[in-house]
Amino acid sequence: MTSVSKIINVDQIREDFPILKRKFYGKQLIYFDNAATSQKPKQVIEAIKRYYEEQNANIHRGIYALSEEATQLYENSKRKVAKFINAQRWEEIIYTRNTTESINLIAYTWGRKNLKKGDNIVLTVMEHHSNLVPWQLLSQEKKIKLRFINIDDEGLLRLDQAEKLIDENTKLVSVTHVSNVLGTINPVKEIGKIAHKKGALFLVDGAQSTPHMPVDVRNIDADFFAFSGHKMLGPMGIGVLYGKREILEKMSPFLGGGDMIKQCSLAGCSWNDLPWKFEAGTSNVEGAIGLSAAIDYLNSLGMESIREHEEQLTKYALEQMSDIKDIKIYGPKDTKLRGGVISFNLGNIHPHDLASFLDAEGIAIRAGHHCAEPLMIRLGVTATARASFYIYNKKDEIDVFIKVLNKIREVLKV
Amino acid sequence: MSDELYAQMEIILDYYRNPKNVGIIENPDIHAEDTNIPCGDHIEIFVKLKDNKVIDAKFRGQGCIISQASASMLLEKIIGMNLDDVKKLTKKDILNMLGINLSPTRMKCALLSLKVLNEGIAKYEGKEFNIEEYLKEKVEEE
């Protein structure tokens, strides 16, 4: 990794995102809902357009140049993803629809085959429903126990609890890399060590980390790592599951169908090699090509620089927001420990009202439980408002946001 | 621009800050409650009738401005009305009362009290509350 990171030129970046020119109610769009999905640069949009105008064919088995070209593009995309997260081999990259499907894939294949009554899975209270519900479904089926690492009052994981909860009967530890509510960056490497010490596998939900900071799956020593393309400038409908080859090879297939078999007769089939064993049916080639272009874009800026830019923005936003009377901000104060996600409440104003007032000024934030209801219960709230940043956001936008929050407070007299 | 919105919302905000008809009624004739699951908005409505006329109505609840203000406005409107006229109220009446445009998501907040009221009326009349019929008759765009 380089120690010197380039400075991000936000004005130049914004030129690449046509949607940022949109206005709502006569106001310039300020897009602060990046933890839900990112906007797309024209480089990604054009790559998809080019694919359909010049390169479209079904991949594999096509004995003609066009199909070979599409196949090459699809496989190159996997090589690019592998390098982006520092996987050892591109065969360890499985394409899914999104993070949710990646996690479900593990639950359905590895989980169903390897878990038995008396085993347990360790999660945390800050998981998105995507890293909770698949395991709840599995626990009903396999009579296994789920255990949850709690957070402290600042929103940091209680590592002391991890040491206790992860035991000899733990078969899997599954933790989010960055919380989609608190922004907390979890010490996944340390948690992985504890998991491996007890012989458990380690899964990391990287949906909120991969778009925003350098990710090295081998350094983390994750057995599985899941993330979504659409949160990192790519199109919707393409997600990634990384898995260590030796583990993936032992796993049963996920969906059955074309392309995932080596040979097939009426009596039965043998499974294809990695990663195709897990990719039945026609692939999302458009998605793979879009994701590939998204990674090129991110690499051109540098993930270190992106992280630095977001950290500065978050720091600025936290400082400005702290001055607002009656505001309650959730998550760690130290921006070294948090990503560009800020959840908050303002007095007793319902977060949906906050979102509506902000919307009237062209500011898009999210309000609700953020698919993390257990965390809402832990925080003692029904919902929060959430602003989340990305490469194209700037301080000026935060200034407008702060101004509007103060105005709302004044008008509602909380 | 936003000042216009705030001006438009002034009436709603007034109901939100100083809600009218808040409380409970002992032995109500009509009583029902419901929650908008995604928002957590909750409304409980009590109505007292005399000669098929609303003589008192109260609500209690929690949630967003739109849900609470629309409940307060709706009850204020129905006090003194014949039950048969109350039953004729639709989404249009609620929107007229609020006087602002709402996105589809916020519409659910605005209509929570109307739904609770109709559920209570159905119960009072000994009928099963048919949500599909209710939506078809009173909520879906004409």
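What covers the buried residues of α2(A)? Part of the answer is α10 (285–301) of chain A, which is included in that cover. Keep in mind as you look around that this is a predicted model.

Let's stay with α2 for a moment. Helix α2 of chain A takes in residues 42–55, and at 1.5 Å a residue its 14 residues should span 20 Å; the end C-alpha atoms are 18 Å apart, which agrees. Which residues of α2(A) are buried? They are A:Val44, A:Ala47 and A:Tyr51. Seen down the axis of α2(A), the buried residues fall within an arc of 55°, so they line one face of the helix. The spacing has a simple background: an α-helix has 3.6 residues a turn, so residues three or four places apart point the same way. Turn to the face of α2(A) that looks away from the buried side, and you meet the exposed residues A:Lys49, A:Tyr52, A:Glu53 and A:Glu54.

Now zoom out to the chain. Chain A has 14 helices and 17 strands. Its radius of gyration is 22 Å, close to the 22 Å that the globule rule gives for 414 residues, so chain A is as compact as a globular protein of that length. Along the principal axes, the C-alpha atoms of chain A fill a box of roughly 75 × 55 × 40 Å. Of the 414 residues of chain A, 49% count as buried. Among contacts in chain A with a separation of 6 or more, 71% come from residues 24 or more positions apart.

Chain A is also split into domain 1 (10–31 + 302–412) and domain 2 (45–299). Their centres, taken over C-alpha atoms, are separated by 28 Å. Where the two domains of chain A touch, domain 1 gives 24 residues and domain 2 gives 22 residues. On the domain 1 side, the elements giving two or more residues are α11 (303–322), β14 (341–346), α13 (373–379) and β17 (384–388) of chain A. The largest share of that side, 5 residues, comes from α11(A).

Chain B touches chain A too, with 13 residues from chain B and 15 residues from chain A in the contact. On the chain B side, helix α1 (residues 2–17) of chain B gives the most, with 5 residues.

Here is how two of these contact sides divide by residue class.

| Side | Nonpolar | Polar | Charged |
|---|---|---|---|
| Domain 1 of chain A, touching domain 2 of chain A | 11 residues | 6 residues | 7 residues |
| Chain B, touching chain A | 8 residues | 3 residues | 2 residues |

Terms used:
Residues are numbered from 1 along each chain as its sequence is written. Chains are lettered from A and ligands numbered from 1 in the order in which they are written. This is a predicted model: local features need pLDDT of at least 70, side-chain atom pairs count only at pLDDT 80 or more; totals for chains, interfaces and linings use all residues. Helices (H or I, at least four residues) and strands (E, at least two) are DSSP runs, numbered from the N terminus. The expected span of a helix is 1.5 Å times one less than its number of residues. A residue is buried if 20 or more other C-beta atoms lie within 10 Å of its own, exposed if 12 or fewer, and partly exposed in between; C-beta atoms are placed from the backbone. The arc is that of the directions from the helix axis to the C-beta atoms. Two residues are in contact if their C-beta atoms, placed from the backbone, lie within 7 Å. The radius of gyration is taken over C-alpha atoms; the globule rule is 2.2 Å times the number of residues to the power 0.38. Ala, Val, Leu, Ile, Met, Phe, Trp, Tyr, Cys and Pro count as nonpolar, Asp, Glu, Lys and Arg as charged, and the others, Gly among them, as polar. Domain bounds come from an automatic or database domain assignment.
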